Amino acid sequence: MWKKLNGAILKRLRLRESWVIFFVLGIIMMNYPFIQIFNKPWRIFHIPQLYLYFQAGWAVSILVIYLFTKAIDLPDDDHDEGDRR
């Protein structure tokens, strides 16, 4: 079951629209409204919120890039389906 789900997600990430959506989402998340939300004097485990926000965003972006590279390496399964006998 997990292998099917994993394959379906990776196939979906091969779409060009997915690349554009994640790029635009990354730009939006690193601009004024969101940075202002996390730029507060409160601390979580003695670490400023803005620092944690940037670190979490960096980790998520690395994960997304990893998934995109895995999706590129995925073989095409939909070639020559009309020639099957």
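A residue is taken as buried when its relative accessible area is under 20%, as exposed when that area is over 50%, and as partly exposed in between. The model examined here is predicted. By this criterion Y53, with a relative accessible area of 11%, is buried, and this residue recurs in several of the arrangements described below.

The protein contains four helices and two strands, which follow one another along the sequence in the pattern α-α-α-β-β-α. Of the 85 residues in the protein, 11% are buried. Among contacts between residues at least 6 apart in sequence, 57% join residues at least 24 apart.

Helix α4 spans residues 49–72, and Q49 lies within it. The relative accessibility of Q49 is 15%, a value under the 20% limit, and Q49 therefore counts as buried. When residues up to four places away in sequence are disregarded, Q49 touches I37, F38, K40, W42 and I44. A71 is also placed in helix α4. The relative accessibility of A71 is 0%, so that this residue too counts as buried. A71 and R12 are 59 residues apart along the chain, yet their C-alpha atoms are separated by 8.2 Å.

The packing of helix α4 against helix α2 was then examined. In general, two packed helices are described by the angle between their axes and the distance between the axes. Helix α2 comprises residues 16–29, and its axis lies 12 Å from that of α4, at an angle of about 170°. Because angles over 145 degrees count as roughly antiparallel, α2 and α4 are assigned to that class. On the α2 side, the contact is made by S18, W19, F22 and M29, and on the α4 side by Y53, V64, F68 and I72. Seven of the residues in this contact are nonpolar and one is polar, while no charged residue takes part.

Aromatic side chains were considered next. A pair of aromatic rings is described by the distance of the centres and the angle of the planes. Four aromatic pairs are present in the structure. One of them joins F38 and Y53, whose ring centres are 4.3 Å apart and whose planes enclose 15°, and this pair is stacked. The two residues belong to distant parts of the chain: F38 is in helix α3 (residues 32–38) and Y53 is in helix α4, with a separation of 15 residues. The partners fall into separate accessibility classes, since F38 is partly exposed at a relative accessible area of 29%, whereas Y53 is buried at 11%. Y53 also pairs with F54; here the ring centres are 6.0 Å apart and the planes stand at 50°, so this pair is tilted. F54 has a relative accessibility of 33% and therefore counts as partly exposed. In addition, ring pairs link W19, F22 and F68 into a cluster. These three residues also take part in the contact between the helices, W19 and F22 from α2 and F68 from α4.

The loop between β1 (43–44) and β2 (47–48) contains F45, and H46 is found in this loop as well. Most residues other than glycine have a negative phi. F45, although not a glycine, has a positive phi of about 55°, and H46 likewise shows a positive value, near 65°. Both residues count as exposed, because the relative accessibility is 74% for F45 and 75% for H46.

Finally, the model was compared with the sequence annotation. An unreviewed UniProt entry lists residues 20–38 and 50–69 under "transmembrane region". In the predicted model, residues 20–38 are 89% helix and 0% strand, with the end C-alpha atoms 25 Å apart. Residues 50–69 are 100% helix and 0% strand, and the end C-alpha atoms of this span lie 29 Å apart.

Note on methods:
Residues are numbered from 1 along each chain as its sequence is written. This is a predicted model: local features need pLDDT of at least 70, side-chain atom pairs count only at pLDDT 80 or more; totals for chains, interfaces and linings use all residues. Side-chain values use heavy atoms; hydrogens and water are left out. Buried means under 20% relative accessible area, exposed over 50%, partly exposed in between (1.4 Å probe, protein chains only). Contact means heavy atoms within 4.5 Å. Rings of Phe, Tyr and Trp (its six-membered ring) pair if their centres lie within 6.5 Å; planes under 30 degrees apart count as stacked, over 60 as edge-to-face and the rest as tilted. Axes are lines fitted to C-alpha atoms, for helices over the stretch in contact, and angles run from 0 to 180 degrees between N-to-C directions. Angles under 35 degrees count as roughly parallel, over 145 as roughly antiparallel, 65 to 115 as roughly perpendicular and the rest as oblique. Ala, Val, Leu, Ile, Met, Phe, Trp, Tyr, Cys and Pro count as nonpolar, Asp, Glu, Lys and Arg as charged, and the others, Gly among them, as polar. UniProt positions are given in the numbering used here, feature names are shortened, and annotations may be inferred rather than shown by experiment.
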